[in-house]
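Subject: Structure handover

Hello,

Here is the structure I promised to pass on. Please open it first, then read my notes beside it.

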Amino acid sequence: MSDEAQNSALAQPSSVSLVGTLSTVAMISGFLVVLVYQITLPAITANKKEALERAIFSLLRSGDRRENYRVGKDGLTRVEGDDGSAGRHVYAGYNDDNQFVGLAIEAAAPGYQDVVRVLYGYAPECQCITGIYVLESKETPGLGDKVETDESFLENFRALDGQLNADMTVLANDIRTVKHGSKKNPWEIDAISGATVTSKAIGRMLNDSAKLMFPVVQLHRAQLEERR
Amino acid sequence: MQDFRHPTESAPVNMDTFLLGIWEENPVFVMLLGMCPVLAVTNSVLNAITMGLATTFVMLCSSALVSSLRHHIPKQVRIATYIVIIATFVTVVDYVIQAISLELYRSLGAFIQLIVVNCMILGRAESYASRHGVVSSMVNSLGVGVGFTIALLCLGSVRELLGNGSLLGFAIFGEGFQPWVIMILPPGGFFVLAGWLLLFSWMKQRDARRAQQEEVLHGA
């Protein structure tokens, strides 16, 4: 028998040992992953919650005086805590005298890389958007991610007009993003030059969300203003 | 039971085992491995450091496991086994980074998960860990990991400095500095990598020339 033939005969383990090796390694892997998942889960949940709290606070300045609502087919329903139920959540904030100051609402749209999720503040009093806070974005560092930090861009959202029409069912003017430096109306967003795609995504998501949410919110305003 | 022992297995572990990966066999500047994260996540110093450390951790742990199981893994299923092991540690890193900071996790995006397909790690498992003892494999992987991190840092600092005028988020230049935006965009990655490679090959050539001259001198 030549050396080569001997080698190939030697190096032919049974299928049982092949399957056995893979299953054993897979089991070790599974155990490790589950272990780490269990260990890190509390920290990850806490991080996510903290990020959301920070966002809500920065928009409403209301501390822990707030109520969570879910928007569904039957209008607004109050939910206790963060129950993680499906549907769109809105967060109503109240000031020290228990007066309703505004809502934080979530919106999302695909940006340049991936979905951009923001939380924005809405003041039913003036029917305007009062600020945005980016929750999740994978936009290009230095360009797209400027929507989180660029002062003049964020200035757009100090009082972005979201007036509804006379019978309170649709937006009087669509919220839209315009080319850098050409903002004329209070419902327009001045894009960041070099980050047009992300700026437009923000405009789009605010418009879509506004169309859907503002009429519902205005309809249930009395319910929101009366804090329980 | 046959012996799978490799002839290099008994080689002693010394400083060279560690230093090899940093200089002579630097994964980025010499072997040109793992180019995807090198180009993609080096747009800031913080991203570069995190990516380098995450990759080092994955490589260190997978090398240790591969090396300790090396006598039990049949040749036919070795690649599948290595990938499962590497993927496990990548998932671990993924959770740990999320637990440490969501901001950081956000900025690295999909690239943490993509460590699985970094050929540098599979290469370490196949060419080193499967043929050496646990200690030797870990020392070697650590060296390569540090070499990788340094390389990412080299790219990251240049790109952040030129493209954003800052280092680790702190502004370095004054207000008047016009950032060279292209440096943090994908093309910038290629430019800066090319610059570093140019420097390294120039240094290598210079060393070779000197060695040659010395040889001639000694010969004469």
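By about how many helical turns are Arg221(A) and Glu225(A) separated in helix H5 of chain A? They are separated by about one turn, because they sit 4 residues apart in that helix, which covers residues 221-225. Their side chains meet in a salt bridge, with 3.0 Å from N to O. Both ends are partly exposed: Arg221(A) has a relative accessible area of 21%, and Glu225(A) has 38%.

Before going on, please note that this is a predicted model.

**Chain A as a whole**

Chain A has 5 helices and 9 strands. Read from the N terminus, the order is α-α-β-β-β-β-β-β-α-β-β-β-α-α. The chain has 228 residues, and 41% of them count as buried. It exposes about 12200 Å². Carbon and sulfur atoms supply 54% of that area. Now take the contacts in chain A between residues at least 6 apart in sequence. Of these, 54% join residues at least 24 apart.

**Other salt bridges**

The search of the whole structure finds 9 salt bridges over all chains. The pair in helix H5 of chain A is described above. Here are some others.

- Glu188(A) and Arg176(A): their side chains meet at 3.1 Å, N to O. Glu188(A) lies in strand E9 (residues 188-190) and Arg176(A) in strand E8 (residues 176-178), so the pair ties together parts of chain A that are 12 residues apart in sequence. Glu188(A) is buried, at 4% relative accessibility. Arg176(A) is partly exposed, at 43%.
- Arg158(A) and Glu155(A): the closest N and O atoms are 3.5 Å apart. Arg158(A) is partly exposed, with a relative accessible area of 46%. Glu155(A) is partly exposed too, with a value of 46%.
- Glu106(A), Arg117(A) and Glu136(A): salt bridges link these residues in a network.

**Around Gln218(A)**

Next, look at Gln218(A). This residue is in helix H4 of chain A, which covers residues 196-219. Is Gln218(A) buried or exposed? It is buried, because its relative accessible area is 11% and the cut-off for buried is under 20%. Its side chain makes a polar contact of 3.0 Å with the side chain of Tyr122(A). Leave aside residues up to four places away in sequence, and Gln218(A) touches Tyr122(A), Pro124(A), Gln127(A), Leu164(A) and Met168(A).

One of those neighbours, Gln127(A), deserves its own look. Gln127(A) lies in the loop between strand E5 (115-123) and strand E6 of chain A. It is not a glycine, yet its phi is positive, at about 50°. Gln127(A) is buried, with a relative accessible area of 10%.

**A positive phi in chain B**

Chain B has a residue to compare. Phi of Leu32(B) is near 55°, again a positive value in a residue other than glycine. Where does Leu32(B) lie? It lies in the loop between helix H1 (15-22) and helix H2 (35-40) of chain B. Leu32(B) is partly exposed, with a relative accessible area of 44%.

**Where chains A and B meet**

Last comes the interface. The size of an interface is often given as the accessible area lost when the parts come together. Between chain A and chain B, the buried area is about 2500 Å². Carbon and sulfur atoms give 72% of it. Across this interface there are 3 residue pairs in polar contact, with both residues at pLDDT 80 or more. How many salt bridges cross between chain A and chain B? The rule finds 0.

On the chain A side, two elements give two or more residues each: helix H2 (15-60) and strand E6 (128-136). H2(A) gives the largest share, with 18 residues. By type, the residues on this side divide into 18 nonpolar, 9 polar and 5 charged. In total, the contact takes 32 residues from chain A and 31 residues from chain B.

Best wishes

How values were computed. Residues are numbered from 1 along each chain as its sequence is written. Chains are lettered from A and ligands numbered from 1 in the order in which they are written. This is a predicted model: local features need pLDDT of at least 70, side-chain atom pairs count only at pLDDT 80 or more; totals for chains, interfaces and linings use all residues. Side-chain values use heavy atoms; hydrogens and water are left out. Buried means under 20% relative accessible area, exposed over 50%, partly exposed in between (1.4 Å probe, protein chains only). Contact means heavy atoms within 4.5 Å. Accessible areas come from the Shrake-Rupley method with a 1.4 Å probe; for residues, only the protein chains shown count as cover. A polar contact is a pair of N or O atoms within 3.5 Å; within protein, one must be able to donate a hydrogen and the other to accept it, and residues adjacent in sequence count only if both atoms are side-chain atoms. Buried area is the accessible area (1.4 Å probe) that two parts lose on being put together, summed over both. A salt bridge is a side-chain nitrogen of Lys or Arg within 4 Å of a carboxyl oxygen of Asp or Glu. Ala, Val, Leu, Ile, Met, Phe, Trp, Tyr, Cys and Pro count as nonpolar, Asp, Glu, Lys and Arg as charged, and the others, Gly among them, as polar.
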